[in-house]
Structure formats: C-alpha cells, structure tokens
Amino acid sequence: MLIVLAKAKVGEGAIDAARAAIADMVAASNAEEGCIAYTFTQDLGDPSIIHIVEKWQDDAALAAHFATPHMAAFGAAIAGLDFQVIEVVKFQADQGT
C-alpha cells in the first residue's frame, strides 16, 4: 500500500472557491480502482493549510489517478486560485493488519 501525505497553502479568500473542486476530487478519487482512501482536511491551527491524505493499493493505481479526467479538472479549477502544494511525501506501508 502507498500512503501519500501532501500539504497545500491556500491564499486568503481562496478556500471557499476551492471547496467545490476539493469535494469533487475527493468523491471521484475515492471511487477509483485502487484507491483505499482519499481526503482533504483543513488545519485547525492554520486554516490556510490543507492536508491531503491518500492511500493507494500500489504505484500503478497512483499513476492511473494522475491520468484521470477529474485530476485534470481539479488542476484547472485551482489554477486560477492561490493554491500552492508545499510538501508531498510518499510512504510504502503494509495493510496495518
């Protein structure tokens, strides 16, 4: 299993505009083959920080995710916003059993 943890900084006023794109991305990603979990959360200490937590079955599933229409739509939706990914880490993990 792969775990991807990312952090984004959202400019003042951009979070409301990004919410619909985020909701669409979460719903579509969670429906993908090979997606175990996919979520965005807003940092309680700093509301301008968004945390993205992804769990994928393998590298192939993650690669397929980047080629989906909803990934392209999400990129287009945030392109005009002050939304900057500032950190991404990927871990290999077992299923936690």
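**Notebook: His70 and its surroundings**

I began at His70, whose side chain makes a polar contact with the side chain of Glu32 at 2.8 Å. The model is a predicted one, and I read every distance below with that in mind.

**Entry 1, His70.** I looked up the second polar partner of this side chain and found the side chain of Thr68, at 3.3 Å. His70 itself sits in helix 3, which covers residues 69-79. Is His70 buried or exposed? I noted a relative accessible area of 19% for His70, and the cut-off for buried is under 20%, so His70 counts as buried. I then listed what His70 touches, setting aside residues up to four places away in sequence: Met25, Ala28, Ser29, Glu32 and His65. Glu32 thus appears both in the polar contact and in this list.

**Entry 2, Ser29.** I went next to Ser29, since His70 touches it. Ser29 belongs to helix 1, residues 14-30. Its relative accessible area is 0%, and I entered Ser29 as buried. What does the side chain of Ser29 reach? I found the backbone oxygen of Met25, at 2.8 Å. Met25 is also among the residues that His70 touches. Beyond four places in sequence, Ser29 is in contact with Cys35, Tyr38, Trp56, His65 and His70. His65 is therefore on the list for Ser29 and also on the one for His70. I also checked Ser29 against Met71: the two lie 42 residues apart along the chain, and their C-alpha atoms are separated by 8.4 Å.

**Entry 3, Ile36.** I moved on to strand 2, residues 35-42, where Ile36 is found. Ile36 has 38% relative accessibility, and I put it down as partly exposed. Which residues does Ile36 touch, not counting those up to four places away in sequence? I wrote down Met1, Lys55, Trp56, Gln57 and Gln95. Trp56 is a contact of Ser29 as well. I also took the C-alpha separation of Ile36 and Ile3, which is 9.5 Å for a pair 33 residues apart along the chain.

**Entry 4, Gln57.** I followed the contact from Ile36 to Gln57. Gln57 is placed in the loop between strand 3 (49-56) and helix 2 (59-66). With a relative accessible area of 46%, Gln57 is partly exposed. Leaving aside neighbours within four places in sequence, I found Gln57 in contact with Met1, Leu2, Gly34 and Ile36. Met1 is on the list for Ile36 too. For Gln57 and Lys90, 33 residues apart along the chain, I noted a C-alpha separation of 13 Å.

**Entry 5, Gly75.** I returned to helix 3 for Gly75. Gly75 is partly exposed, at 34% relative accessibility. I compared its position with that of Lys55, 20 residues away along the chain, and the C-alpha atoms of the pair are separated by 20 Å. Lys55 had already come up as a residue that Ile36 touches.

**Entry 6, the whole chain.** I then stepped back to the protein as a whole. How many helices and strands does the protein have? I counted three helices and four strands. Their order from the N terminus is β-α-β-β-α-α-β. The radius of gyration is 13 Å, close to the 13 Å that the globule rule gives for 97 residues, so the protein is as compact as a globular protein of that length. The C-alpha atoms fill a box of roughly 40 × 30 × 20 Å along the principal axes.

I looked up burial next: 35% of the 97 residues are buried. Of the contacts with a separation of 6 or more, 70% come from residues 24 or more positions apart.

**Entry 7, surface and charge.** I recorded an exposed area of about 5,600 Å², of which carbon and sulfur atoms supply 57%. The protein carries 5 positive and 13 negative side chains. I noted that the centres of these two sets lie 5 Å apart.

Key
Residues are numbered from 1 along each chain as its sequence is written. This is a predicted model: local features need pLDDT of at least 70, side-chain atom pairs count only at pLDDT 80 or more; totals for chains, interfaces and linings use all residues. Side-chain values use heavy atoms; hydrogens and water are left out. Helices (H or I, at least four residues) and strands (E, at least two) are DSSP runs, numbered from the N terminus. The radius of gyration is taken over C-alpha atoms; the globule rule is 2.2 Å times the number of residues to the power 0.38. Buried means under 20% relative accessible area, exposed over 50%, partly exposed in between (1.4 Å probe, protein chains only). Contact means heavy atoms within 4.5 Å. Accessible areas come from the Shrake-Rupley method with a 1.4 Å probe; for residues, only the protein chains shown count as cover. Lys and Arg count as positive and Asp and Glu as negative; His and the chain ends are not counted. The place of a charge is taken as NZ of Lys, CZ of Arg, CG of Asp or CD of Glu. A polar contact is a pair of N or O atoms within 3.5 Å; within protein, one must be able to donate a hydrogen and the other to accept it, and residues adjacent in sequence count only if both atoms are side-chain atoms.
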